[in-house]
Amino acid sequence: MSASAHPNLFSSPDHDRYFEDYISGAVHLLGEFKIVEDEMLAYAREFDPQEIHIDREKAAEGPFQGLIASGWYTGALMMRIFARNFLSNVSSRASPGIDGLRWLAPVRADDVLRVRVSILETRRSASKPDRGIVKSLIEVINQDDQLVMDIQGVNIIACDPARQGK
């Protein structure tokens, strides 16, 4: 598998996919989502009530010259795509956290964002050989091909019992 982007080969979170299926260097295009203004505002009012996210007039005078989505909202929508199309309910065990999160450009209502995941590293756990560690760069890119957010994530993925010892 080359490092060039290709359509996602992982079909669903219930797919029979294990640690061995996550290949270092692979790049997966997971899907896209549109920012819906009413949902963006509702999220911000409840979870991130800053003026740049909820007050149209004050946001127009601010540094972004208009309303922008909360980065946490963008992250939540990205996570839905990531969980549905990259992780597997069969083998995903947990995440010990992320190594980095950056919001690089504002996200606005009606933006169409796509999610690209590059697998940076895979290694079998030394202490628990029935699982592996997958490190990934998750990128959110807008309709103008501008990178708006990235995360360096870490996931614990179970090994395939049928492939043990092979």
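Student: Which backbone atom does the side chain of S125 reach?

Tutor: Let's place the residue before we look at its partner. In this predicted model, S125 sits in the loop between strand 4 and strand 5 (131-141). Its side chain comes to 3.0 Å from an atom of K128, and that atom is the backbone nitrogen.

Student: Is S125 buried or exposed?

Tutor: Happy to work that out with you! The relative accessible area of S125 is 12%, and the cut-off for buried is under 20%. Leaving aside neighbours within four places in sequence, S125 also has contacts with R131 and G132. Because 12% falls under the cut-off, S125 is buried.

Student: What does the side chain of N85 reach?

Tutor: Start with the position: N85 belongs to helix 4. With 17% relative accessibility, N85 counts as buried. Its side chain reaches an atom at 3.3 Å, the backbone oxygen of L30.

Student: Where is P106, and which residues does it touch?

Tutor: P106 is placed in the loop between strand 3 (92-103) and strand 4 (112-124). Its relative accessibility is 31%, so P106 counts as partly exposed. If we do not count residues up to four places away in sequence, P106 touches F64, I68, D111 and V148.

Student: How many Å separate the C-alpha atoms of P106 and K128?

Tutor: You have already met both residues: K128 offers its backbone nitrogen to the side chain of S125, and P106 lies in the loop between strand 3 and strand 4. Along the chain, P106 and K128 are 22 residues apart. In space, their C-alpha atoms are separated by 41 Å.

Student: What is phi of D110, and is D110 buried or exposed?

Tutor: D110 is found in the loop between strand 3 and strand 4. Phi of D110 is near 80°, a positive value in a residue other than glycine. Its relative accessibility is 53%, and exposed begins over 50%, so D110 counts as exposed.

Student: In which loop is D145, and what is its phi?

Tutor: D145 has its place in the loop between strand 5 and strand 6. D145 is exposed, with a relative accessible area of 57%. Although D145 is not a glycine, its phi is positive, at about 65°.

Student: What is the volume of the largest pocket, and which residues are closest to its centre?

Tutor: The volume of the largest pocket is about 230 Å³. In total, 18 residues line this pocket. Those closest to the centre are G75, M78, M79, I98 and I151.

Student: Which element gives the largest share of the lining of the largest pocket?

Tutor: The elements that give two or more residues to this lining are helix 4 (71-85), strand 3 and strand 6 (147-158). By class, the lining of the largest pocket has twelve nonpolar, six polar and no charged residues. The largest share is seven residues, and it comes from helix 4.

Student: How many charged residues are in the lining of the second largest pocket?

Tutor: The second largest pocket holds about 200 Å³ of space. Among its 17 lining residues, I68, A69, S70, G71 and W103 lie nearest the centre. Helix 4 gives the most to this lining, with three residues. By class there are eleven nonpolar and five polar residues, and the number of charged residues is one.

Student: How many helices and strands are in the chain, and in what pattern?

Tutor: The chain has four helices and six strands. Its C-alpha trace spans about 65 × 30 × 25 Å along the principal axes. Read along the sequence, the pattern is β-β-α-α-α-α-β-β-β-β.

Student: What percentage of the residues count as buried?

Tutor: The chain has 166 residues. Looking at contacts with a separation of 6 or more, 68% are between residues 24 or more positions apart. The share of residues that count as buried is 42%.

Student: Over which residues is the pLDDT below 50?

Tutor: Across the chain the pLDDT averages 91, and 90% of the residues score at least 70. One stretch has a pLDDT below 50, although it has 15 contacts in the model beyond near neighbours in sequence. Where pLDDT is low, the predicted coordinates should not be read in detail. The stretch to treat this way is residues 1-6.

Conventions:
Residues are numbered from 1 along each chain as its sequence is written. Side-chain values use heavy atoms; hydrogens and water are left out. Buried means under 20% relative accessible area, exposed over 50%, partly exposed in between (1.4 Å probe, protein chains only). Contact means heavy atoms within 4.5 Å. On a 1 Å grid over the protein atoms alone, a cavity is a set of points where a 1.4 Å probe fits but cannot get out, and a pocket is an open set with protein on both sides within 12 Å along at least five of seven lines; lining residues have an atom within 4 Å of a point. Grid points are joined across faces, edges and corners, and a volume is the space filled by probe spheres set on the points. Ala, Val, Leu, Ile, Met, Phe, Trp, Tyr, Cys and Pro count as nonpolar, Asp, Glu, Lys and Arg as charged, and the others, Gly among them, as polar. A polar contact is a pair of N or O atoms within 3.5 Å; within protein, one must be able to donate a hydrogen and the other to accept it, and residues adjacent in sequence count only if both atoms are side-chain atoms. pLDDT is the predictor's confidence in each residue, from 0 to 100.
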